[in-house]
Amino acid sequence: MAIEKGRIFVIGDSHIGLAGGDEKRIVAWIDRLSELEPKALYLNGDVFHYFIGDPKFITSSVVAFFGRLRALRDAGTAVHYVEGNRDFFLQGSIAEASVTDISLAASFQAGSTRYLIVHGDMINDHDLPYRFWRRASKNPLTRFGVRWVPRKIARRFVDGVEKKLAGTNFKHKRRLPVELMQEYGRKKGREGYGVVVFGHFHEKLEVQADGARVVVLPAWYLDGEAMMVSPESGSHEFVTI
């Protein structure tokens, strides 16, 4: 399928490994993407299996990936990084230096449709264990500790927190929380959004939620699928570049 230039692309959950060479597949994908002169690229969380912005965790894979992302941005593509549950301490890191902006949620207008990009791990207000562990892993005190403790100890702590997160958070591997997605979509529909785009759940899905449509991105690491949006019409489809 021929893809027109100047489209908007959204991917989620690429889960790049931290070992040298783990970035090659997504760097090659960005090479192909750049030929399409995209208007924007949205990274909807969990770009790496986990990313910690402290310099002691920056590997050759991290450097190579963000170097290619920075080149894409500098060539004229807006690159927006939406924080996921596996992204730690993005502000002030190599990540922030390599993209246009970092946020917990991003939005854009395409035709008459307003899109909201949000990772989706926080849509359940009642999942208190998950919210506790997310807060414990992402607060300033934890960042201070990660900065000053030895690398092995800090990494062991973050690994432990990540396992706690995986053990809570909807048990989404068993069942997608479609009702919660629709509830969130209805709320955002009342705020004027036409499409709400989640990552996090690793299973492509589209459901209607009254005034808004909820789209769940497939995990990029599985098949390399991306959501492509037309800036003119506001329509979207999934493509493999």
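Residues 24 or more positions apart supply 71% of the contacts in the chain that have a separation of 6 or more. The model is predicted. The chain has 241 residues, and 54% of them count as buried. About 11100 Å² of the chain is exposed, with carbon and sulfur atoms supplying 53% of that area. The secondary structure comprises 8 helices and 13 strands.

**The open sheet**

One open sheet is built from 5 strands in the order 7-8-9-11-10, and its pairing is mixed. The edges are taken by strand 7 (105-110) and strand 10 (205-209); each has a single partner strand, so one side of each lacks a neighbour in the sheet. On average, neighbouring strands of this sheet are turned by 20° against each other, direction ignored.

Strand 7 pairs with strand 8 (residues 113-118) in the antiparallel sense, over 6 bridges. Within this arrangement, Phe108 stands opposite Tyr115 in strand 8. Helix 7 (residues 178-190) packs on the sheet and touches strand 8, strand 9 (195-198), strand 10 and strand 11 (212-216). The direction of helix 7 makes about 55° with that of strand 10.

**Helix 1 against helix 2**

How do helix 1 and helix 2 (residues 60-74) pack, in angle and in distance between axes? The angle is about 10° and the axes are 10 Å apart. Angles under 35 degrees count as roughly parallel, and helix 1 and helix 2 are therefore roughly parallel to each other. On the helix 1 side, the residues in contact are Ile26, Val27, Ile30, Asp31, Leu33 and Ser34. They meet Ala64, Phe65, Arg68, Leu69 and Leu72 in helix 2.

**Salt bridges**

Side chains of opposite charge can pair when their charged atoms come close. With a cut-off of 4 Å between a side-chain nitrogen of Lys or Arg and a carboxyl oxygen of Asp or Glu, the count comes to 9 salt bridges. The table lists examples from this set.

| Basic residue | Acidic residue | N to O distance |
|---|---|---|
| Lys5 | Glu37 | 3.5 Å |
| Arg7 | Glu232 | 2.8 Å |
| Lys188 | Glu191 | 3.3 Å |

Lys5 and Glu37 form a salt bridge that links distant parts of the chain, 32 residues apart. Lys5 lies in the segment before strand 1 (8-11), while Glu37 sits in the loop between helix 1 (24-34) and strand 2 (40-44). Lys5 counts as partly exposed because its relative accessibility is 49%. Glu37, at 48% relative accessibility, is also partly exposed.

The side chains of Arg7 and Glu232 also meet in a salt bridge. This pair links distant parts of the chain as well, the two residues being 225 residues apart. Arg7 is in the segment before strand 1, and Glu232 is in the loop between strand 12 (225-229) and strand 13 (236-240). Is Arg7 buried or exposed? Arg7 counts as buried because its relative accessibility is 9%. Glu232 counts as exposed, at 55% relative accessibility.

In the salt bridge between Lys188 and Glu191, Lys188 counts as buried at 14% relative accessibility. Glu191 is partly exposed, with a relative accessible area of 40%. Elsewhere, salt bridges that share partners join Glu4, Arg7 and Glu232 into one network.

Definitions and conventions:
Residues are numbered from 1 along each chain as its sequence is written. This is a predicted model: local features need pLDDT of at least 70, side-chain atom pairs count only at pLDDT 80 or more; totals for chains, interfaces and linings use all residues. Side-chain values use heavy atoms; hydrogens and water are left out. Helices (H or I, at least four residues) and strands (E, at least two) are DSSP runs, numbered from the N terminus. Buried means under 20% relative accessible area, exposed over 50%, partly exposed in between (1.4 Å probe, protein chains only). Two strands pair if DSSP finds at least two bridges between them. Axes are lines fitted to C-alpha atoms, for helices over the stretch in contact, and angles run from 0 to 180 degrees between N-to-C directions. Contact means heavy atoms within 4.5 Å. Accessible areas come from the Shrake-Rupley method with a 1.4 Å probe; for residues, only the protein chains shown count as cover. Angles under 35 degrees count as roughly parallel, over 145 as roughly antiparallel, 65 to 115 as roughly perpendicular and the rest as oblique.
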